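These are my notebook entries on one structure. I set down what I looked up, entry by entry.

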Amino acid sequence: MDSQSRCVVVTGFGPFRQHLVNSSWEAVKELSKLGLGVDTDIELRTLQLPVDYREVKRRLTTIWEDFQPQLVVHVGMDSSAKAIFLEQCGKNRGYRDSDVRGFQPEDGVCLPGGPEVRLSVVNMKEVCRRVAVENVEVAFSRDAGRYICDYTYYLSLHLGTGHAALIHVPPLSHWLSASLLGKALRVIIQEMLEEIGKVQTQSTAA
């Protein structure tokens, strides 16, 4: 995977609805300061995505074509969550909620003709089992919620043939700071890269 294996892209989302501060982007900014810390050869790129279906589709295409990353990790905020959720899959249908521009995909579909579900090559249950984060639970999920996060994830899984991940984080609070979330992202992404390394080793051996 030559140059492809040397880059990891991590995205967070901008404001939406009543959420003027999106914890996903605050966490990604903290991660950018910390770095991944796993391999000095791995280049970390962090980007903010707008809560805008059409713009997300345009930017994702650019990310995958220009950077050819080993892994793209999307971080989104779940306003009702009390834990960090690692999403195993993205769904193609059911996008009925409008974005910040009042737009929603035609017929609620992400990719016409695409499979109903796309899975990440990362085994999120294994990552959950191995990772430990201070003061916050890390849990497994198979339902990313059918909004911009899920839409982004499905498209990224399609463009990157499964080499994508989605992490849902809670809103910032007195018990959960951006700094803590940034540290959590670092630990989780390190484990994801370990998991991808195993998948690549197995496929090479096969």
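Is Glu126 buried, partly exposed or exposed? I looked up the value and found a relative accessibility of 24%, so Glu126 counts as partly exposed. I note at the outset that the model is predicted.

**Entry: a network of charges**

I next looked for the partner of Glu126. Arg130 forms a salt bridge with Glu126, with 3.5 Å between the closest N and O atoms. Both residues belong to helix 3, where they stand 4 residues apart, about one turn of the helix. Arg130 has a relative accessibility of 26% and therefore counts as partly exposed.

Arg130 also forms a salt bridge with Glu191, and here the closest N and O atoms are 2.8 Å apart. This pair links distant parts of the chain, since Glu191 is in helix 5 (residues 178-205) and Arg130 in helix 3, 61 residues apart. I recorded that salt bridges with shared partners join Glu126, Arg129, Arg130, Glu191 and Glu195 into one network.

**Entry: a salt bridge between two loops**

A search of the whole structure gave me 12 salt bridges. One of them joins the side chains of Arg101 and Asp52, at 2.7 Å from N to O. Again the pair links distant parts of the chain, 49 residues apart: Arg101 is in the loop between strand 5 and strand 6, and Asp52 is in the loop between strand 2 (43-49) and helix 2 (53-67). I compared the accessibility of the partners. Arg101 is exposed, with a relative accessible area of 62%, whereas Asp52 is buried, with 7%.

**Entry: a buried lysine**

Which side chain of opposite charge is nearest to Lys91? I found Asp143, 4.4 Å away; Lys91 is buried yet has no salt bridge. A salt bridge requires the nitrogen and the carboxyl oxygen to be within 4 Å, so this pair does not qualify. The side chain of Lys91 does reach the backbone oxygen of Arg142, at 2.9 Å. Lys91 itself is in strand 5 (residues 89-91).

**Entry: strand residues**

Ser141 lies in strand 7. Its relative accessibility is 12%, so I entered Ser141 as buried. The side chain of Ser141 makes a polar contact with the side chain of Glu87, at 2.7 Å.

Val117 lies in strand 6 (residues 117-119) and is partly exposed, with a relative accessible area of 37%. I also looked up Ser24, which is 93 residues from Val117 along the chain; their C-alpha atoms are separated by 24 Å.

**Entry: positive phi angles**

Most residues other than glycine have a negative phi. I therefore noted two residues with a positive value. Asn135, which is not a glycine, has a phi of about 70°. Asn135 is in the loop between helix 3 (124-130) and strand 7 (138-141), and is exposed, with a relative accessible area of 56%. Arg146 has a phi near 55°. Arg146 is in the loop between strand 7 and helix 4, and is partly exposed, at 27%.

**Entry: the largest pocket**

How much space lies in the largest pocket? I recorded about 330 Å³. The lining has 20 residues, and the closest to the pocket centre are Met77, Asp78, Ala144, Tyr147 and His168. Strand 4 (84-87) and helix 4 (148-159) are the elements that give two or more residues to this lining. By kind, I listed the lining residues as 9 nonpolar, 6 polar and 5 charged.

Notes
Residues are numbered from 1 along each chain as its sequence is written. This is a predicted model: local features need pLDDT of at least 70, side-chain atom pairs count only at pLDDT 80 or more; totals for chains, interfaces and linings use all residues. Side-chain values use heavy atoms; hydrogens and water are left out. On a 1 Å grid over the protein atoms alone, a cavity is a set of points where a 1.4 Å probe fits but cannot get out, and a pocket is an open set with protein on both sides within 12 Å along at least five of seven lines; lining residues have an atom within 4 Å of a point. Grid points are joined across faces, edges and corners, and a volume is the space filled by probe spheres set on the points. Ala, Val, Leu, Ile, Met, Phe, Trp, Tyr, Cys and Pro count as nonpolar, Asp, Glu, Lys and Arg as charged, and the others, Gly among them, as polar. Buried means under 20% relative accessible area, exposed over 50%, partly exposed in between (1.4 Å probe, protein chains only). Lys and Arg count as positive and Asp and Glu as negative; His and the chain ends are not counted. A polar contact is a pair of N or O atoms within 3.5 Å; within protein, one must be able to donate a hydrogen and the other to accept it, and residues adjacent in sequence count only if both atoms are side-chain atoms.
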